[in-house]
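Got the viewer open? Let's take a walk through this model, one selection at a time.

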Amino acid sequence: MSEFLRVVRSGADPSRAGHLMAPVVTAHQVQAEDPAVVNRTPQQYAEHVQEMIDAYGTFDLRVDELFGSGDKVYARWTQHGHHIGQVNGIAPTGRPVVQVTSAVYRVVDGLICEYWIQIDRWGLHAQLAT
């Protein structure tokens, strides 16, 4: 899991997703107002990370917590970047942006096959809209 966060999720080399993720991964977007479940291939996940790079530039992802039990791994991280691309209809401001995120990953045979992710979306919106 550490390699996935450090290499793929951080944007260092999203193309490595195929080595660390199952052919199709179920992603639970945990948000009170509009929960969603998305199925993504490793290629689609790599494209998703590229979208984040387009929005926030080359960002710094710092793992704050990482631990596991059974087939589940919990991770919490802080991501630092700059608002360089349009996000949720808000034009780029160039300002620094900090995102706090946590996720629980289910790992089978060494590959991520499912995860539940929560992003501090209100905190992000507050930084972009001010």
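Before you click anything, one cut-off to keep in mind: buried means under 20% relative accessible area, exposed means over 50%, and partly exposed is what falls in between (1.4 Å probe, protein chains only). With that in hand, select Arg76: at a relative accessible area of 27%, arginine 76 is partly exposed.

A word on ground rules. Residues are numbered from 1 along each chain as its sequence is written, and side-chain values use heavy atoms, with hydrogens and water left out. This is a predicted model, where local features need pLDDT of at least 70 and side-chain atom pairs count only at pLDDT 80 or more, while totals for chains, interfaces and linings use all residues.

**Colour by confidence**

Switch to pLDDT colouring (the predictor's confidence in each residue, from 0 to 100). The chain averages 95, and 100% of the residues score at least 70. Helices and strands here are DSSP runs numbered from the N terminus, helices being H or I with at least four residues and strands E with at least two. Confidence is highest in helix 2 (residues 17-20), with a mean of 98, and lowest in helix 4 (residues 121-129), with a mean of 91.

**Show the sheet**

Now go to cartoon view and pick out the strands. Two strands count as paired if DSSP finds at least two bridges between them. What is the order of the six strands in the open sheet? Reading across, you get 2-1-6-5-4-3, with mixed pairing. Strand 2 (36-40) and strand 3 (60-69) stand at the edges with a single partner strand each, so one side of each has no neighbour in the sheet. On average, neighbouring strands are turned by 20 degrees against each other, direction ignored. For angles like this, axes are lines fitted to C-alpha atoms (for helices, over the stretch in contact), and values run from 0 to 180 degrees between N-to-C directions.

Zoom in on strand 4 (residues 72-82) and strand 5 (residues 96-108): they pair in the antiparallel sense over 11 bridges. Select alanine 75, and you will find alanine 103 of strand 5 standing opposite.

**Add the helices**

Contact here means heavy atoms within 4.5 Å. Bring up helix 1 (residues 2-9). Helix 1 lies across strand 1 (21-29), strand 3, strand 4, strand 5 and strand 6, and runs at about 155 degrees to strand 3. Then add helix 3, which lies across strand 1, strand 2, strand 4, strand 5 and strand 6, at about 115 degrees to strand 2.

**Sticks on the aromatics**

Rings of Phe, Tyr and Trp (its six-membered ring) pair if their centres lie within 6.5 Å; planes under 30 degrees apart are stacked, over 60 edge-to-face, and the rest tilted. By this rule there are five aromatic pairs. Start with phenylalanine 4 and tyrosine 45: their ring centres are 5.5 Å apart and their planes at 45 degrees, so the pair is tilted. The two sit 41 residues apart, phenylalanine 4 in helix 1 and tyrosine 45 in helix 3 (residues 42-56). Phenylalanine 4 is buried at 2% relative accessible area, and tyrosine 45 is buried at 3%.

From tyrosine 45, step over to tyrosine 115: this pair is edge-to-face, with 6.3 Å centre to centre and 90 degrees between the planes. Tyrosine 115 belongs to strand 6 (residues 111-119) and tyrosine 45 to helix 3, so the pair ties together parts 70 residues apart in sequence. Tyrosine 115 is buried too, at 3%. Select Phe4, Tyr45, Tyr105 and Tyr115 together to see the cluster that ring pairs link up.

**Finish with the charges**

A salt bridge is a side-chain nitrogen of Lys or Arg within 4 Å of a carboxyl oxygen of Asp or Glu, and the whole structure has six. Select arginine 16 and glutamate 3, whose side chains meet at 3.0 Å, N to O. Arginine 16 is in the loop between helix 1 and helix 2, and glutamate 3 is in helix 1.

Next, try arginine 121 and glutamate 33, with their closest N and O atoms 2.5 Å apart. Arginine 121 is in helix 4 and glutamate 33 in the loop between strand 1 and strand 2, 88 residues apart. Arginine 121 is partly exposed at 38%, while glutamate 33 is exposed at 54%.

Last stop: back to arginine 76, which forms a salt bridge with glutamate 65 (3.1 Å, N to O). Arginine 76 is in strand 4 and glutamate 65 in strand 3. Add Asp64 to the selection, and you have a salt-bridge network of Asp64, Glu65 and Arg76.
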